[in-house]
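Welcome, and thanks for taking a look at this one with us. Please have the structure open as you read, so that you can find each residue as it comes up.

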Amino acid sequence: MFSSYFRYENPKKKKPFPNSLITRTLKKMEILSQMWSLLGLLTVLQNVLPSQLLSLLHSLYENLQDLLSPYSYFEIPEFNGYCGVDLNDLYRHVHLYLNAVNHSPAAACRRVTLSRSPSSNRISFAVAPNHTVHDSFNGHRLSWTHHVDTVQDSLDEKRSFTLRLPKRHRHALLSPYLEHVTSRAEEFERVSRERRLFTNNNGSGSFESGWVSVPFRHPSTFETLALEPELKKQIKEDLTAFSNGKEFYHRVGRAWKRGYLLHGPPGSGKSSLIAAMANFLCYDVYDLELTKVSDNSELRSLLIQTTNRSIIVIEDIDCSVDLTADRMLKKANANALMAGSKWKGGKVKTASLRCSGEESGRVTLSGLLNFTDGLWSCCGEERLVVFTTNHRDSVDPALVRCGRMDVHVSLGTCGVHAFKELARNYLGVESHVMLETVEGCIRHGGSLTPAQVGEILLRNRGDADVAMREVVSAMQSRMLVVAASGGGGGRGGGGGDGWDQTDNEETTTMGVGLRSPESVLMMGSPENWDGLSGKKRKEHGSNNCEKKVKFFVRLRSLTKSDSSR
Ligand SMILES: Nc1ncnc2c1ncn2[C@@H]1O[C@H](COP(=O)(O)OP(=O)(O)OP(=O)(O)O)[C@@H](O)[C@H]1O
């Protein structure tokens, strides 16, 4: 009985360690104790041996390690130079690259430092100090180790990355891999950095801080923007070609900049398009208020302070400053000088001819021309200059000539496609029984600006039927107004009151760029368009009466069909 009792084995009782495990543990402890003694010896040697000898031993050890190791190691410190004051751009690129790589689910770093700045929602990843992350390139395995050491007797930290790659392939791998790291880092920086909206700071008295800024968070994108699809595609392609054009612009010796003139009635979406362009390219926006700029030198100073990858916007260029007056003043001065006469009772000075604006301390047309196309305009890279205006004809031709304003976008009233996009965005409807009536109104001069349509749809977003009815009624009123004012209708009237729709007509004749019902994109010289538009205007006049008759017939049929619904 007793023996059976002793033979009983409690399953919960731990089994004794096997002999082999004990032996292995003892061996490990022995190695540890030997290492400990070695460390002690090293400490003693460090105190006893002169520092020169120590560093010699250290480099000998490293050389030996390099010789025996199948890997090559490259150190990238955070700062360059003897005193370590210049930021090492490669370190920054590696940091960004590893951040980008860590965003991908495949990346496996055992320990990552996460951070988020108060002004952004984005979480940043960084390899934790003294940890390693592996990467692969062209079928080879590489690794990055992030070293962070505290500097003795200081709170400073010394940071560096060490790249490890197979020694046999180091020559073939190093340059292409670092190029890959840099391009991925730049791309990541472009899309992830917080973008800002700047405006010129009035009254600071100093040109050093000419701009003040806030985070740029405009929600308009090419997806939300209601534009004719072809126009949208063309603008996006043009912007993409521009932002990828670094090599091209350098090769042909042109400054890497592009000018856009956006013109159209109030509410046609000029500002929304600028925001969409900035979001598409991930650029900063500099909204230049010309009336706050005291003179040309301040304008130049502001230009110098803008960063690369930015859009410099001057809204309502025709209203900002009296630029044409400046030109006329010069002309008057020149005439007076030639005639040897007096101007406004006083003696004409030669200096006043040179630049009347400089004297009166304001921005002149020549100042603005230099801003967009002069020597100083090349002080940065990858910049768009965008002017907006409600009346293109009021802008001085010199400002919008080729090379200054390379792309002219005419934004008009809502075309059929644009209206459908707005209806989809605001009401969530793809089709509606009244869409046909809306299309008829648009085609016969009743179209409204996107802002007008957006306002009606926003107000009635809970009830698509009411919204559509209200849109149709607004469009019909518009048709009546256009008819009463002698507008031809036929292809959709202008948007805001007093808006001249000849721009859209011009494009029809030209066949240059894209022709869409209400909004167009033109590239090339405006002088050519004007010549052709004159011809078109004559034709337009002769057809006007005929169009009017057709228009009234159509309006009556539309009104009838709508009331029958
Ligand atoms: N194409 C569009 N797609 C969607 N919404 C638009 C569009 N155009 C204008 N809107 C809406 O209309 C409003 C006014 O647009 P925006 O300020 O861009 O017009 P604008 O042409 O710059 O006007 P202004 O000449 O008066 O400055 C905005 O709230 C915007 O949401």
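The notes below go through the ligand site, the paired strands, a salt bridge and a surface patch. Please keep in mind that this is a predicted model. Two starting points for your viewer are the ligand, which has 15 residues around it, and strand β9, which pairs with β10 and also with β12.

**Around the ligand**

- Which residues come nearest to the ligand? Of the 15 around it, they are A226, G267, K270, S271 and S272.
- Three serines make polar contacts that are easy to pick out. The side chain of S272 has an N or O atom 2.6 Å from an oxygen atom of the ligand, and S271 places a polar side-chain atom 2.7 Å from a ligand oxygen.
- S268 takes part through its backbone: a polar backbone atom there is 3.2 Å from an oxygen atom of the ligand.
- On its own the ligand would expose 630 Å², and the protein buries 69% of that area.
- Helices α8 (270–281) and α17 (450–459) are the elements that contribute two or more residues to the shell. The largest share comes from α8, with 3 residues.
- How do the shell residues divide by type? There are 7 nonpolar, 7 polar and 1 charged.

**Following the strands**

- Begin at β9 (residues 196–200), which runs antiparallel to β10 (residues 211–215) and is joined to it by 5 bridges. Here L197 stands opposite V214.
- β9 is also joined to β12 (residues 284–287), this time in parallel and through 3 bridges.
- You can trace that second pairing through two positions: L197 stands opposite V285 in β12, and T199 has D287 as its bridge partner.
- From β12 you can step on to β13 (residues 310–314), since these strands run parallel with 4 bridges between them. D287 appears again here, with V313 as its bridge partner in β13.

**A salt bridge beside β9 and β10**

- How many salt bridges does the structure hold? The count is 18.
- One of them joins the side chains of E194 and R217, with an N to O distance of 3.8 Å.
- E194 sits in the loop between α5 (170–192) and β9, while R217 is in the loop between β10 and α6 (229–243), so this pair ties together parts that are 23 residues apart in sequence.
- As background, side chains of opposite charge can pair when their charged atoms come close.

**A nonpolar patch on the surface**

- W36, L38, L39, L41, L42 and L45 together make a nonpolar surface patch of about 640 Å².
- To find the patch, look for helix α2 (residues 19–48), where L41 lies.

Methods:
Residues numbered from 1 in each chain as written. Predicted model: local features only at pLDDT ≥ 70, side-chain atom pairs only at ≥ 80, totals over all residues. Heavy atoms only, no water. Near = heavy atom within 4 Å. Polar contact = N/O pair within 3.5 Å; in protein donor to acceptor, adjacent residues only side chain to side chain. Areas by Shrake-Rupley, 256 points an atom, 1.4 Å probe, with all protein chains shown as cover. Nonpolar A, V, L, I, M, F, W, Y, C, P; charged D, E, K, R; others polar. Patch = residues over 30% accessible without salt bridge, like charges linked within 9 Å, V, L, I, M, F, W, Y side chains within 5 Å. Salt bridge = Lys/Arg side-chain N within 4 Å of Asp/Glu carboxyl O. Pairing = 2+ DSSP bridges.
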